[in-house]
Amino acid sequence: MIKSFAKFKYTHILIVAIIILIGCLVRIAEFGSIPAGFNQDEAFAGYEAYSLLNYGTDSWGYVNPCYFVSWGSGMNVLESYLAIPFIAIFGLSVETFRMPQLLCACISLPVFYLLLKEMFNKKIALTGLFVFAISPWHIMLSRWGLESNLAPAFLLFGLFFFVKGLKNNRYWVLSAMMYGVALYSYSITWAVVPTTVLLLGIYVMFSKHKISWRATILSALVLFVMALPLMLFVLVNNEIIPEIRTSYISVPKLLVMRDYDIALSNLKESANWENFFNLYWGQNDGLIWNSTEKYGMFYKISSPFIAFGFIGLAVGAWEKLRKKIFSFELVVLLGFLCSLVACVMLTHVNINRINSIHIYTVILLTYGLYTFWELGKAASKVKYAAKTVLVVFIVVMTFSFCSFTNYYFKEYNNEISNLFNQSVEESVDYVNEHGFESVCVDSEIYFPQVLFFDKTPTTEYTQTVEFSYYPAAFVGVSSFSKYTFGIDYSDLGRYSAYIVNSEHAYYFEEAGFKAVNFGKFSVCHLAV
C-alpha cells in the first residue's frame with residue numbers, strides 16, 4: 001500500500017510539473033514577436049520606465065510618481081517599475097518591457113495550484129491548474145504588457161498568502177505586501193483590495209481562528225503604508241491637498257481625474273448588471289487582445305460549469321456554516337463578491353477592466369467540475385453519465401487548447417499586428433539610421449510609440465512637446481523633437497521624411513519620393 005501511495009504521489013507531481021511546463025512554454029514561445037507590434041499603452045508605460053531609469057523623472061517631470069500622468073488622466077505605475085531592472089540590464093525593447101507580465105503569469109501557475117491544494121485538495125488543485133494553464137485569457141494576457149493586467153497575478157499572490165496565514169499568521173505580512181503591490185497595478189483594486197481584506201478578516205475573526213494580533217496589526221500597518229501614497233493621490237486629485245513633489249516620491253495632480261469611470265450609483269442600474277453578465281457569460285468583449293469570439297476566455301464550453309461551480313460553492317459554504325466549520329468555499333465567494341461589485345460599478349466593462357474577477361472565475365470553473373464529479377459518484381444512476389460528460393469536457397478542452405494555440409501562433413498575429421501598429425519600430429529605426437532632421441508621422445501612429453522606439457531623451461521631449469489639445473483626459477501631441485504628427489498631402493516637400501500608412505505611399509511615389517516599405521507603415525523620402 002505504501003508503494004502504491006508513493007507511486008500515486010510521484011505520478012501526481014509529474015503531471016503537475018508537465019502541466020506547468022506546457023503552460024510556461026505556450027507563454028514563452030516566440031515571446032516579444034507575438035503579439036506583433038506594440039500597443040500604445042504599452043509604449044507609454046515603457047517610455048515612462050525608460051525615463052525614470054535614465055533621467056530620474058517620468059515624462060511629466062515627476063520623481064518616482066505613485067501614479068503616472070502620461071496621457072493626462074493617468075496610468076498605473078507597477079508594470080513600469082518592474083520593467084526597469086530588465087531595461088537596465090538588457091536595454092529598452094518590446095521584450096524587456098513585457099518581461100514582468102510574462103514572469104508574473106508563469107509564477108501564477110504553481111501559485112494557483114498551491115492555493116487550491118491549500119484550500120481544498122490535490123484533485124481540485126490539479127484540475128484547476130489544468131484549466132488555468134490552457135486558458136486563452138491568461139495565455140494572451142501573459143504575452144503583452146498592458147499595465148492593468150498585472151492585477152490578477154498580485155491579487156492571486158495576496159489571496160495565497162492570506163490562506164497560508166490561516167495556519168501561520170506571519171504569512172499575512174506577505175499577503176499585505178502582495179495586496180499592497182496590487183494597488184499599483186490597476187485602479188479597480190482600490191475598491192477590491194480593501195473590501196476583500198476587510199470581509200475576509202471579519203470572517204476569520206468570527207470563525208474563531210487563532211489569531212496573532214501582533215502579526216495582524218503588523219500586516220494592517222504594512223498595507224496602510226503601501227496604500228498611503230494612493231490615498232494622498234486621491235486627496236490631491238480631489239483638490240483637498242496640493243500635489244506633492246519630493247526628491248524621493250511624487251503624488252501628481254492629473255490633468256483630468258477619470259473618477260467617472262467607476263461609481264456606486266452604477267450598482268442601481270440594471271443595464272450595468274446586464275452588460276457585465278453578457279460579457280461574463282459570453283466570455284468575449286470584441287477586443288482581440290483580450291479574447292476571441294471563437295474561444296472566449298476559458299473556452300465557451302466552460303460557462304455552464306462556472307455557473308455550476310458558483311452553486312456548488314454556495315451549497316458547500318452553507319453546509320459548513322451550519323456545522324460551524326471554517327469554509328474556504330465562503331472565502332472564495334466573499335472574494336468573488338467583492339470583485340463582482342467593483343466590476344459592476346464600472347461605467348464601461350471589458351475583459352481587462354474586470355480582470356480582478358477572473359482568478360475567482362477559474363476557481364468557480366474548477367469547483368464546478370469537481371462538484372459535477374462528486375454528484376456523479378454519489379448517484380449511481382448518473383455515475384457513468386457524469387464520468388462521460390467530464391471525459392468529453394476534458395477532451396474538448398484539450399482539443400480547444402490545441403486549436404487555440406495553432407490559431408494564436410499563426411492567424412492571430414496577422415489580425416493583431418494592424419491594431420498594434422506593427423512596423424513603427426522599423427520605420428523609426430530607418431529614420432534614425434539615415435539621420436533625417438524633420439519627420440512627419442501618420443496620425444494613425446500614437447506619439448508614445450514614437451517616443452519609445454526613438455528613445456527620445458525625456459528632457460528633449462518635455463522642452464519641445466507641443467500639444468494639439470490640452471488639458472484633456474487623453475492629450476494630443478502635434479510635435480516633439482524632430483517629429484510632427486499629421487500629414488498634409490498638399491504640401492509634401494516640407495519634411496525630409498514621412499512615416500505613412502503603406503496604403504498611402506503611392507502619393508509620395510507619384511511626387512518623386514522613395515518609399516521604403518516595412519509592413520503597415522513605410523518611410524518616404526526624396527532619393528539621396
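**Exercise 1. State in which loop S70 lies, and decide whether this residue is buried or exposed.**

Solution. S70 is found in the loop between α2 and α3 (78-90), where helices (H or I, at least four residues) and strands (E, at least two) are DSSP runs numbered from the N terminus. Next, the backbone: phi of S70 is near 45 degrees, a positive value in a residue other than glycine. Finally, S70 has 1% relative accessibility and therefore counts as buried; buried means under 20% relative accessible area, exposed over 50% and partly exposed in between (1.4 Å probe, protein chains only).

The model is predicted, so local features need pLDDT of at least 70 and side-chain atom pairs count only at pLDDT 80 or more, while totals for chains, interfaces and linings use all residues. Residues are numbered from 1 along each chain as its sequence is written, and side-chain values use heavy atoms, with hydrogens and water left out.

**Exercise 2. Find the loop that holds E30, and name the residue joined to P35 by a cis peptide bond.**

Solution. E30 belongs to the loop between α1 and α2. Its phi is near 55 degrees, a positive value in a residue other than glycine. With 48% relative accessibility, E30 counts as partly exposed. P35 is placed in the loop between α1 (2-28) and α2 (40-55). The cis peptide bond joins I34 and P35, with omega about 5 degrees.

**Exercise 3. Compare the expected span of helix α11 with the distance between its end C-alpha atoms, and locate its buried residues.**

Solution. The expected span is 1.5 Å times one less than the number of residues. For the 13 residues of α11 (residues 270-282) this gives 18 Å, and the end C-alpha atoms are 18 Å apart, which agrees. The buried residues of α11 include N272, F276, L279 and Y280. These cover an arc of only 100 degrees around the axis, which puts them on the same side of α11; the arc is that of the directions from the helix axis to the C-beta atoms. An α-helix has 3.6 residues a turn, so residues three or four places apart point the same way.

**Exercise 4. Classify the ring pair of W190 and F233.**

Solution. Rings of Phe, Tyr and Trp (its six-membered ring) pair if their centres lie within 6.5 Å; planes under 30 degrees apart count as stacked, over 60 as edge-to-face and the rest as tilted. The structure holds 55 aromatic pairs. In the pair of W190 and F233 the centres are 6.0 Å apart and the planes stand at 75 degrees, so the pair is edge-to-face. W190 lies in helix α9 and F233 in helix α10 (residues 213-237), so the pair ties together parts that are 43 residues apart in sequence. W190 is partly exposed, with a relative accessible area of 24%, whereas F233, at 0% relative accessibility, counts as buried.

**Exercise 5. Determine how many cavities of 30 Å³ or more there are, and describe the lining of the largest cavity.**

Solution. On a 1 Å grid over the protein atoms alone, a cavity is a set of points where a 1.4 Å probe fits but cannot get out, and lining residues have an atom within 4 Å of a point. Grid points are joined across faces, edges and corners, and a volume is the space filled by probe spheres set on the points. The count is three cavities of 30 Å³ or more. The largest cavity has a volume of about 70 Å³, and its lining residues include L155, Y179 and S339. The largest share of this lining, three residues, comes from α7.

Note on methods. On a 1 Å grid over the protein atoms alone, a cavity is a set of points where a 1.4 Å probe fits but cannot get out, and a pocket is an open set with protein on both sides within 12 Å along at least five of seven lines; lining residues have an atom within 4 Å of a point. Ala, Val, Leu, Ile, Met, Phe, Trp, Tyr, Cys and Pro count as nonpolar, Asp, Glu, Lys and Arg as charged, and the others, Gly among them, as polar.
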